[in-house]
Amino acid sequence: MRVLVTGGAGYIGSTAVEIMRHQGFEISVLDDCSTGHADSVPSGVRFIQGSLLNEKEIAEALMGVDAVIHFAGKSLVGESVEKPDLYQRVNVGGTRNLLDGMHTAGVKKIVFSSSAATYGEPAVIPIKENAQTSPTNPYGATKLEIDHMIHAESEIRNIAAVSLRYFNVAGALNCDRGWLSERHNPETHLIPNVLRSSGETPVRIFGGDWPTPDGTCIRDYVHVIDLIDAHIKALNSLELGVHEIYNLGSGDGYSVRQVIAAAARAKGQEIPTIDSPRRTGDPAVLIADISKAKSILGWSPSRGIDEMVSDTLASFN
Ligand code: UFG
């Protein structure tokens, strides 16, 4: 089976490529390398350095493909507030082009990277897939719009689709090419920032007065290897004319201070921190209910916060 991995040069996409090629999948990658890195794509993989905004490049990437895993997109909440048009054009417009290209090429299977950001500020914790969706930023709004677009596509064009709503992805894969690490610039995510914290540039704790036990925000972290395992299970579960949504997290929450404590354990030293104001758009608590992915996909994450932090640390060395 040949799978097109859009965004296959990025942090999560390149991890998927590595795991899947070792499981016998044939892989094509489409990535414009605006945030991904061409050197993350291994030799032997068909690589089209191109854009979802270019129909010809999409058609070329879809040649001989049986299914698509669609990671590509803009993914920074803060940037989306500053540049909502960019997020609309790349995420929504790009996915529209991809779905149209799939229709022309007769490709009927897609697994899409959606986000917990589609839910916004949740009324009930843990969050189930049927919770109200009310995104609090343009990034989450574009992911929700794409989920709706894919749902319509499953009804109108009979495609087989799954949207996977990621919570906070962390950790790294060590492969024969070394560690595939998170290489974002700028880096906004908590775990990399905590691990890179120093006396001169201490990690900022965004808000210490949230309504949580230690006053800092709580998030649900899932290891990138467990996440990719869920994608492969989702790919195998696809049914024509059906669009399913699954939350992917660990089902447990960790506060910012608990993550900092895990990083201190991994590094064997205290992590310098500085108390800072709340970050705009942050919900206090996001924890996934993952019972649907467990029961229907037969998926269960096996790596905890200490492994995520220590793998991220190892990938930076
Ligand atoms: N945080 C800090 N200091 C930092 C970075 C983050 O205190 O330097 C805090 C944030 O305020 C938040 C928590 O750590 O409370 C996690 O922040 P991240 O930026 O690591 O992740 P987010 O929860 O903001 O967002 C991530 C993804 C989104 C996705 C969301 C879904 O980046 O794409 O998870 O849960 F939508």
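A residue counts as buried when its relative accessible area is under 20%. Keep that cut-off at hand, because this tour uses it to sort residues into buried and partly exposed ones. The model on your screen is a predicted one.

**Stop 1: one buried serine**

Select Ser-154, which is found in helix H5 (residues 138-156). Is Ser-154 buried or exposed? Its relative accessible area is 2%, so Ser-154 is buried. Now show what surrounds this serine. Leaving aside neighbours within four places in sequence, Ser-154 is in contact with Ile-159, Gly-241, Val-242 and His-243.

**Stop 2: the whole of helix H5**

Widen the selection to the full helix. H5 has 19 residues, and from its first C-alpha to its last it reaches 26 Å. That is close to the 27 Å expected at 1.5 Å a residue.

Colour the buried residues next; among them are Tyr-139, Leu-144, Ile-146, Met-149 and Ile-150. The buried list of H5 also includes Lys-143, Asp-147 and Glu-153. What do the buried residues of H5 pack against? Their partners are helix H3 (77-82), helix H4 (84-105), strands S5 and S6, and strand S13 (243-248).

**Stop 3: just past the end of H5**

Move along the chain to Asn-158, which follows H5 and has a positive phi, near 60 degrees. Most residues other than glycine have a negative phi. Asn-158 is not a glycine, and still its phi is positive. Asn-158 sits in the loop between H5 and strand S6 (160-166). With 37% relative accessibility, Asn-158 counts as partly exposed.

**Stop 4: a cysteine with a positive phi**

Jump back to Cys-33, in the loop between strand S2 (26-30) and strand S3 (46-48). Cys-33 is another residue other than glycine with a positive phi, near 60 degrees. Its relative accessible area is 18%, so Cys-33 is buried.

**Stop 5: two cis peptide bonds**

Most peptide bonds are trans. Where can you find a cis bond that leads into Pro-126? Select Ile-125 together with Pro-126: the peptide bond from Ile-125 to Pro-126 is cis, with omega near -5 degrees. Pro-126 lies in the loop between strand S5 (109-115) and H5, the helix you have just explored.

Then go to Asn-185 and Pro-186, which are also joined by a cis peptide bond, with omega about 5 degrees. Look for Pro-186 in the loop between strand S9 (178-180) and helix H6.

**Stop 6: helix H8**

Select residues 256-267, the 12 residues of helix H8. How far apart are the end C-alpha atoms of H8? They are 17 Å apart, which agrees with the 16 Å that 12 residues should span at 1.5 Å a residue.

Highlight the buried residues of H8: Val-256, Val-259, Ile-260, Ala-262, Ala-263 and Ala-264. Here is what these residues pack against:

- helices H6 (190-195) and H10 (305-316)
- strands S10 (203-206) and S12 (221-223)
- strands S14 (254-255) and S15 (273-276)

After H8 comes Gly-268, with a positive phi near 70 degrees.

**Stop 7: an arginine in a loop**

Next select Arg-278, in the loop between S15 and helix H9 (291-297). Arg-278 has 42% relative accessibility and therefore counts as partly exposed. Which residues does Arg-278 contact, apart from neighbours within four places in sequence? They are Phe-206, Gly-207, Asp-209, Trp-210 and Pro-211. Add Ile-205 to the view as well: it is 73 residues from Arg-278 along the chain, and their C-alpha atoms are separated by 8.1 Å.

**Last stop: zoom out**

Show the whole protein, with its 10 helices and 15 strands. Its C-alpha atoms fill a box of roughly 55 × 45 × 40 Å along the principal axes. A compact globule of 317 residues would have a radius of gyration near 20 Å, and the 19 Å of this protein agrees. Of the 317 residues, 54% count as buried.

Contacts between distant parts of the chain are worth a look too. Among contacts between residues at least 6 apart in sequence, 78% join residues at least 24 apart.

Finish with a surface view. The protein exposes about 13,600 Å², and carbon and sulfur atoms supply 49% of that area. If you colour by charge, there are 28 positive and 38 negative charges, and their mean positions are 2 Å apart.

Technical notes:
Residues are numbered from 1 along each chain as its sequence is written. This is a predicted model: local features need pLDDT of at least 70, side-chain atom pairs count only at pLDDT 80 or more; totals for chains, interfaces and linings use all residues. Side-chain values use heavy atoms; hydrogens and water are left out. Helices (H or I, at least four residues) and strands (E, at least two) are DSSP runs, numbered from the N terminus. The expected span of a helix is 1.5 Å times one less than its number of residues. Buried means under 20% relative accessible area, exposed over 50%, partly exposed in between (1.4 Å probe, protein chains only). Contact means heavy atoms within 4.5 Å. The radius of gyration is taken over C-alpha atoms; the globule rule is 2.2 Å times the number of residues to the power 0.38. Accessible areas come from the Shrake-Rupley method with a 1.4 Å probe; for residues, only the protein chains shown count as cover. Lys and Arg count as positive and Asp and Glu as negative; His and the chain ends are not counted. The place of a charge is taken as NZ of Lys, CZ of Arg, CG of Asp or CD of Glu.
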